[in-house]
Amino acid sequence: MVISADGTQEENFPLYKGDIVRPHRNQTGWRRATGEERSAWYQKLYADCRAGNDVPCDDGGESKLAPNDTYFILLPHMTLTVLRGRVSAPCGYRRIKGCVQVFCPDNGETLFIPRRALISRW
């Protein structure tokens, strides 16, 4: 179920490649972290260890793993272009059904966002 701009709910809201949409409210979009981002995270962890700073650890005392995803805040005024209308998006160590792959021209990123969080009317 999707909420349109006038506040009504739409049941069948098909999204196709090339459609222009926007988030209904502030929403989080994500993508897989690149190798460079993961390397930078580990380099910062190693630098903190060498400097003697506290590092994030789990209950077993092992250092945390680098994040698999990078998150972005999408605001309602942002215009997004649909790249894939139906996606089972990777998120962490699992997949989330009911997502859309969009291109955000504001930051130049290709992101995943839940389909129910988008509207196509202004």
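The following exercises, with worked solutions, concern the cores, salt bridges and cysteines of a predicted model.

**Exercise 1. The nonpolar cores**

Identify the residues with the most contacts inside the largest nonpolar core, and state which elements give two or more residues to this core.

*Solution.*

Step 1. The largest nonpolar core has 15 residues. Within this core, L15, L74, L80, V102 and L118 have the most contacts.

Step 2. Two or more residues of this core come from each of β5 (69–74), β6 (80–91), β7 (94–104) and β8 (109–114). The greatest contribution is that of β7, which gives three residues.

Step 3. The surroundings of L15 may then be listed. Leaving aside residues up to four places away in sequence, L15 touches V21, V82, G85, V100, R115 and L118.

Step 4. Another core, of six residues, lies apart from the largest one. Its members include V87, C91, C99 and F112.

Step 5. A general remark applies here: in soluble globular proteins, nonpolar side chains tend to be buried together.

**Exercise 2. The salt bridges of R31**

Determine which residues are joined with R31 into one network by salt bridges that share partners, and describe the accessibility of R31.

*Solution.*

Step 1. The search of the whole structure yields four salt bridges.

Step 2. One of them links E37 and R31, with 2.7 Å between the closest N and O atoms. E37 is partly exposed, at a relative accessible area of 30%. R31 has a relative accessible area of 12% and is buried, because the cut-off for buried is under 20%.

Step 3. R31 also meets E109 in a salt bridge, with an N to O distance of 2.7 Å. R31 belongs to strand β4 (residues 27–32) and E109 to strand β8, so this pair ties together parts that are 78 residues apart in sequence. Both R31 and E109 are buried.

Step 4. The side chains of E109 and R31 likewise make a polar contact (2.7 Å). Not counting residues up to four places away in sequence, E109 touches F72, V102, F103 and C104 as well as R31.

Step 5. Through shared partners, the salt bridges join R31, E37 and E109 into one network.

**Exercise 3. A salt bridge within a helix**

Locate K44 and D48 in the secondary structure, and classify each as buried or exposed.

*Solution.*

Step 1. A salt bridge forms between K44 and D48, where the closest N and O atoms are 3.1 Å apart.

Step 2. Helix α1 (residues 35–51) contains both K44 and D48. They are four residues apart, about one turn of the helix.

Step 3. K44 has a relative accessible area of 54% and is exposed, because the cut-off for exposed is over 50%. D48, at 18% relative accessibility, counts as buried.

**Exercise 4. The cysteines**

Explain why C91 and C99 are not joined by a bond.

*Solution.*

Step 1. A disulfide requires a pair of cysteine sulfur atoms within 2.5 Å.

Step 2. The closest cysteine sulfur to that of C91 is in C99, at 8.1 Å, which is too far for a bond.

Step 3. By this rule the count of disulfides is zero.

Step 4. Accessibility can be added for two cysteines. C91 is buried, with a relative accessible area of 10%, and C104 also counts as buried, at 0% relative accessibility.

Key
Residues numbered from 1 in each chain as written. Predicted model: local features only at pLDDT ≥ 70, side-chain atom pairs only at ≥ 80, totals over all residues. Heavy atoms only, no water. Core = buried A, V, L, I, M, F, W, Y, C linked by side-chain atoms within 4.5 Å. Buried < 20%, exposed > 50% of the residue type's maximum accessible area, 1.4 Å probe, protein only. Contact = heavy atoms within 4.5 Å. Salt bridge = Lys/Arg side-chain N within 4 Å of Asp/Glu carboxyl O. Polar contact = N/O pair within 3.5 Å; in protein donor to acceptor, adjacent residues only side chain to side chain.
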